[in-house]
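Student: Could you take me through one part of this structure up close? I'd like a single helix, along with whatever it touches and whatever else ties the chain together.

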Amino acid sequence: MKHEIFDPVVNVLDSNVTFEQIYKKAYIPVEYIDDIKKANLLIIPNEDFRDDGDVLFPETTREFFEFLKAEASDDIVADIAISDEDFQRIELHSAVIEVAKIIVQWAVLPIATSMIATFLYNLVQKYHRKPEETSAKVQIITEESATKKSKKIIYEGPVSGVKDALDQATKDLFAKE
């Protein structure tokens, strides 16, 4: 099994996931739904990862969420789509840093991609690694508010290439529409 990804791969796909669909998920805490609906960047779990019905987050999710809360501009309203009690983390013990999957409004996508790149670079420094020798996996779903169309960007590759790849994907995203 390959754990390190040195050649960057970026896929941009149509998605049927929207904020409204996320709000209806069983894992959304009803008591926090009003706050969750204020978010324009929502961290969402990996569903059915190992077992049917499981809802899990990558091991760096809490660090990523705290980073967003501390560093994001006023344009970003970040939240996580689960209660503290139900939060479950999966540790894959892989050399790949997996950033938690997010759904983000199209208007703040460029800010979100910059935040992800900065988070990854900071993490690489913390682990005393080199960005070109450390792999990352990023999944971003973006929803265009007027049309409610969603796209998914998936990046797998070295941390050193994440910013350029996500910037290019953002530029090209809805250009074909």
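Tutor: Here is a look at one helix, followed by its surroundings and the salt bridges.

First, the ground rules. This is a predicted model, where local features need pLDDT of at least 70, side-chain atom pairs count only at pLDDT 80 or more, and totals for chains, interfaces and linings use all residues. Residues are numbered from 1 along each chain as its sequence is written, and side-chain values use heavy atoms, with hydrogens and water left out.

Let's go with helix H3, residues 61-71. Helices (H or I, at least four residues) and strands (E, at least two) are DSSP runs, numbered from the N terminus. The buried residues of H3 are Thr-61, Phe-64, Phe-65, Phe-67 and Leu-68; buried means under 20% relative accessible area, exposed over 50%, and partly exposed in between, with a 1.4 Å probe and protein chains only. Those buried residues cover an arc of only 160° around the axis, which puts them on the same side of H3. The arc is taken from the directions from the helix axis to the C-beta atoms. As a reminder, an α-helix has 3.6 residues a turn, so residues three or four places apart point the same way. Over on the other side of H3, Glu-66 and Ala-70 are exposed.

So what sits over the buried side? The cover includes strand S2 (41-43), S4, strand S5 (78-80), strand S8 (102-105) and helix H4 (109-126), going by contact, that is, heavy atoms within 4.5 Å.

Two of those are worth following up. Start with S4, residues 55-58. It belongs to an open sheet of three strands in the order S3-S4-S6, with mixed pairing; two strands pair if DSSP finds at least two bridges between them. Strand S3 (46-47) and strand S6 (89-90) stand at the edges with a single partner strand each, so one side of each is left without a neighbour in the sheet. S4 and S6 run parallel and are paired over two bridges, and Pro-58 stands opposite Ile-90 in S6.

Then there's H4. At 1.5 Å a residue, its 18 residues should span 26 Å, and the end C-alpha atoms are 26 Å apart, which agrees. (The expected span is 1.5 Å times one less than the number of residues.) H4 has buried residues of its own, among them Leu-109, Met-115, Ile-116, Phe-119, Leu-120 and Leu-123. Just after H4, His-128 takes a positive phi of about 55°.

H3 and H4 are also linked by charge. The side chains of Lys-126 and Glu-63 meet in a salt bridge at 2.8 Å, N to O; the criterion is a side-chain nitrogen of Lys or Arg within 4 Å of a carboxyl oxygen of Asp or Glu. Lys-126 lies in H4 and Glu-63 in H3, so the pair ties together parts that are 63 residues apart in sequence. Glu-63 counts as partly exposed, at 30% relative accessibility.

That salt bridge has company, as the structure holds six of them. One of them joins Lys-151 and Asp-14, with the closest N and O atoms 2.7 Å apart. This pair links distant parts of the chain: Lys-151 is in strand S10 (residues 149-158) and Asp-14 in strand S1 (residues 9-15), 137 residues apart. The two ends contrast in accessibility: Lys-151 is buried at 10%, whereas Asp-14 is exposed at 64%. Leaving aside neighbours within four places in sequence, Asp-14 is in contact with Ser-150 and Lys-151. The C-alpha atoms of Asp-14 and Ile-141 are separated by 9.3 Å, with their positions 127 residues apart along the chain.

A local example is Asp-167 with Lys-163, whose closest N and O atoms are 2.9 Å apart. Both sit in helix H5 (residues 162-172), four residues apart, and are separated by about one helical turn. Asp-167 is partly exposed at 24%, and so is Lys-163 at 32%.

One last stop brings us back to S8, part of the cover over H3. Thr-142, in strand S9 (residues 135-144), is buried at 0% relative accessibility. Its side chain reaches the backbone oxygen of Val-104 at 3.3 Å and the backbone nitrogen of Trp-106 at 3.4 Å. These are polar contacts: pairs of N or O atoms within 3.5 Å where, within protein, one must be able to donate a hydrogen and the other to accept it, and residues adjacent in sequence count only if both atoms are side-chain atoms.
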